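Thanks for opening this one with me. Here are a few notes to help you find your way around; keep the viewer at hand as you read.

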Amino acid sequence: MARLAAQVKLEFFPTPLCVVERVAALLTFPFDSLAHARLLDPCAGDGRALALLAQRLKARFQQDCGEEAYCSLSTWGIEIQTSLARQARSRLDRVLQGNFFQTTLSWAGWQLAYLNPPYDWDQTSGERLESAFLRRTSRLLCVEGILVFIIPQRVLREQEVAGHLATQYDQLVCFRFPDPEYEQFKQVVLLA
């Protein structure tokens, strides 16, 4: 899609739910029979992706640990668009309507960050938004926190993004979107 058309749409291109399902199947948390985790989506959109991810993680936790096991996954989203933030509020535990870069989150204690940032350039700094979102989100993850990063494959090769991932994360695994979803934006899912 042309850049201008994407901006008119306010850069909202949700992750296909079939991809979210596949991501959820790949993730595990090192929990015992008591689980608490906070999940953050700084580009929450309508909240469907993070809500589905949390639902699948909780279901698998209870399947693995038993129905008596307690699992509390709280979902937090930030969304700049008012109408999307309203939709996200009906799906997530907490939603802040505003610009991620103008928010103050007082702790670095998120166990998982689900990051599907706008694919564009920052008009002020000339920096890729994917890189800016990645750096800020990385600071919010706790030690051993999990990053789910959805970006175009070509951006993964850029020095700012690749360098940050290589120095800040370990256990990186990358998967390409399945067909036919891959065709439009050539996206990959990076887990770190």
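**Notes for a first look**

1. Let's begin with the cysteines: the count of disulfides comes to zero. Please keep in mind here, and throughout, that this is a predicted model. A disulfide is a covalent bond between the sulfur atoms of two cysteines. Cysteine 43 is buried, with a relative accessible area of 17%, while cysteine 142 is partly exposed, at 22%. The cut-off for buried is under 20%, so cysteine 43 qualifies with its 17% and cysteine 142 does not with its 22%.

2. Next, the aromatic rings, which form six pairs in total. One of them joins phenylalanine 100 and phenylalanine 133: the ring centres are 5.5 Å apart and the planes meet at 10°, so this pair is stacked. Which parts of the chain does the pair tie together? Phenylalanine 100 belongs to the loop between strand S3 (94–97) and strand S4 (110–115), whereas phenylalanine 133 is in helix H5 (residues 129–140), so the link joins parts that are 33 residues apart in sequence. Both phenylalanine 100 and phenylalanine 133 are buried.

3. While you have the aromatics on screen, look for Phe13, Tyr119 and Phe185, which form one aromatic cluster.

4. Two arginines are also worth a visit. Arginine 94 places its charged end over the ring of tryptophan 76, 5.3 Å from the ring centre. Arginine 128 lies over the face of tryptophan 121, and here the distance to the ring centre is 4.8 Å.

5. Helix H2 (residues 17–26) is a nice place to see two sides of a helix. Its residues Val19, Val20, Val23 and Ala24 are buried. They cover an arc of only 140° around the axis, which means that they lie on the same side of H2. Arg22 and Ala25, on the other side of H2, are exposed. What covers the buried residues of H2? The cover includes helix H3 (48–65), S4, strand S5 (141–152) and strand S7 (187–191).

6. Finally, try valine 95, a residue of strand S3. Is valine 95 buried or exposed? Its relative accessibility is 17%, so valine 95 counts as buried. Leaving aside residues up to four places away in sequence, valine 95 touches Gly77, Ala85, Ala88 and Arg89. You can also compare its position with that of leucine 40: valine 95 and leucine 40 are 55 residues apart in sequence, and their C-alpha atoms are 9.7 Å apart in space.

Methods. Residues numbered from 1 in each chain as written. Predicted model: local features only at pLDDT ≥ 70, side-chain atom pairs only at ≥ 80, totals over all residues. Heavy atoms only, no water. Phe/Tyr/Trp six-rings, centres within 6.5 Å; stacked < 30°, edge-to-face > 60°. Helix = DSSP H or I, 4+ residues; strand = E, 2+ residues; numbered from the N terminus. Buried < 20%, exposed > 50% of the residue type's maximum accessible area, 1.4 Å probe, protein only. Lys NZ or Arg CZ within 6 Å of the ring centre and 35° of its normal. Disulfide = S-S within 2.5 Å. Arc of directions from axis to C-beta. Contact = heavy atoms within 4.5 Å.
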